[in-house]
Amino acid sequence: MNPNDITFDAHHHPENDEQYAGLQVNSGVEQPPMVNPYLKRRRKPQLTVNDFVEGIRKGNTSVLGQAVTLVESLKPEHQSVAQEVIAKCLPFTGKSKRIGITGVPGAGKSTSIDAFGMHVIRSGGRLAVLAIDPSSERSKGSILGDKTRMERLALEHDAFIRPSPSAGSLGGVARKTRETIMLCEAAGYDNIFVETVGVGQSETAVHSMVDFFLLIQLAGTGDELQGIKRGIMEMADGIVINKADGDNVDRANLAAAQFRNALHLFPVPPSGLTPEVITYSGYYELNIDKVWAMIDRYFSHVKESGYFMEKRREQEKYWMYETINEKLRSNFYNNPEIERMLSEKQDLILQNRQSSFIAAADVLNYYYKNLITNQ
Ligand code: GDP
């Protein structure tokens, strides 16, 4: 048949004509899914301790991030790798400025850290931002340190932002943060910020792992010192009043004066320096250099006086005891038998059938005799 002779016929299928014998219309073939099914099976190669150390030392943030994940993991096998990595990183730690930053929610911590951090980076520094927030249960990690809160820093190669380890005991969370500081130092970050909310106990933990503790305050109405816990004031090495911009400048200055007066009532801190009080605006980036100059003055002073090293040595000791306390406590309270015994004993005590002291002695004796494990 001459193809030109073909007239249109809806029921005629020219591809089945004899002359097109080479044409085969097959039934459809099932298409593969869009995602390669083999991709799932490919596992990330397991890094060895040496891979971790090498990657960290080269400043590879992906390896650093994975190492921090091991530090934060509760699995014993992860913990043992993490501890080896930390031990090998130890010789490369200690050279950063460790700065704690606290303030109530809304004080402007993240805005300020973004501004301070950009200042550090523009001056040629590298910065890690960590956080301690044991109270937060949100999505396993904390909102503190969340990358979206520090918009500019999040885009910087020289910044490493890590949210707080997931909720747990304060001791546990704090220890993990301290170990993360060491890994970050080994990775070459020469400024470490540790952020915490200015409520609760976490300031004490942060204070015990930083060289300089910065308290962010706001100018409010009425008595500026109201509601500020004495303990936090005593811990501060510097106080900054944020949001000193627009028509808030006068109030910020007034607040600063009140803080300066109040600080005279405190004994001189062990550093030998009465904290300075400075007003600034994190949002409009006003006086950021003044805040930084204050921090620099502090570091020069304590390095010269020897207090810097003295404080770090004290902190090392503190963390040894703190780690022992935390391990003992978690080994004890996380034991299922102890949990069961404690709930029984609690009932007995509530029913007045046993005294608290005897109940405690019973549980402890049982623990000492039967349950102490090496974890
Ligand atoms: P955080 O909860 O302490 O981390 O506080 P944020 O950094 O999230 O700030 C809380 C609010 O205060 C946000 O709406 C910021 O935009 C605002 N803010 C922060 N710093 C300043 C500042 O310097 N000036 C002004 N006017 N607002 C600020």
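These questions and answers walk through a predicted model, from its ligand site to an aromatic pair and two buried residues.

Biologist: Which residues come nearest to the ligand?
Modeller: The ligand has 15 residues around it. Five of them come nearest: Lys109, Thr111, Arg149, Lys243 and Asp245.

Biologist: Which helix gives the largest share of the shell around the ligand?
Modeller: The shell has 4 nonpolar, 7 polar and 4 charged residues. One helix, spanning residues 109-122, supplies 3 residues, the largest share. That is helix H5.

Biologist: How far is an oxygen atom of the ligand from an N or O atom in the side chain of lysine 243?
Modeller: A polar contact needs N or O atoms within 3.5 Å. The side chain of lysine 243 offers such an atom to a ligand oxygen. Their separation is 2.8 Å.

Biologist: What about the backbone: how far is a ligand oxygen from a polar backbone atom of glycine 108?
Modeller: Two backbone positions can be listed here. For alanine 107, a polar backbone atom is 3.4 Å from an oxygen atom of the ligand. For glycine 108, the value is 3.0 Å.

Biologist: How much of the ligand's accessible area does the protein cover?
Modeller: On its own, the ligand has 580 Å² of accessible area. The share covered by the protein is 70%.

Biologist: Is serine 110 buried or exposed?
Modeller: Serine 110 lies in helix H5. Beyond four places in sequence, it touches Arg149, Met150 and Glu195. Buried means under 20% relative accessible area. Serine 110 has 12% relative accessibility, so it counts as buried.

Biologist: Why is the pair of phenylalanine 116 and tyrosine 280 classed as it is?
Modeller: A search of the whole structure finds 12 aromatic pairs. In this one, the ring centres of phenylalanine 116 and tyrosine 280 are 5.5 Å apart. Planes under 30 degrees apart count as stacked and over 60 as edge-to-face, with the rest tilted. The planes here stand at 35°, so the pair is tilted.

Biologist: How many residues apart are phenylalanine 116 and tyrosine 280?
Modeller: Both residues are buried. Phenylalanine 116 sits in helix H5, and tyrosine 280 in the loop between S7 and helix H10. The pair links distant parts of the chain, 164 residues apart.

Biologist: Which residues form one aromatic cluster with Phe116 and Tyr280?
Modeller: The cluster includes Phe116 and Tyr280. Its other members are Phe193 and Trp292.

Biologist: Why does threonine 279 count as buried?
Modeller: Threonine 279 lies in strand S7, residues 276-279. Its contacts beyond four places in sequence include Ile241, Ala252 and Asn287. Threonine 279 counts as buried because its relative accessibility is 14%.

How values were computed: Residues are numbered from 1 along each chain as its sequence is written. This is a predicted model: local features need pLDDT of at least 70, side-chain atom pairs count only at pLDDT 80 or more; totals for chains, interfaces and linings use all residues. Side-chain values use heavy atoms; hydrogens and water are left out. A residue is near a molecule or strand if one of its heavy atoms lies within 4 Å of it. A polar contact is a pair of N or O atoms within 3.5 Å; within protein, one must be able to donate a hydrogen and the other to accept it, and residues adjacent in sequence count only if both atoms are side-chain atoms. Accessible areas come from the Shrake-Rupley method with a 1.4 Å probe; for residues, only the protein chains shown count as cover. Helices (H or I, at least four residues) and strands (E, at least two) are DSSP runs, numbered from the N terminus. Ala, Val, Leu, Ile, Met, Phe, Trp, Tyr, Cys and Pro count as nonpolar, Asp, Glu, Lys and Arg as charged, and the others, Gly among them, as polar. Buried means under 20% relative accessible area, exposed over 50%, partly exposed in between (1.4 Å probe, protein chains only). Contact means heavy atoms within 4.5 Å. Rings of Phe, Tyr and Trp (its six-membered ring) pair if their centres lie within 6.5 Å; planes under 30 degrees apart count as stacked, over 60 as edge-to-face and the rest as tilted.
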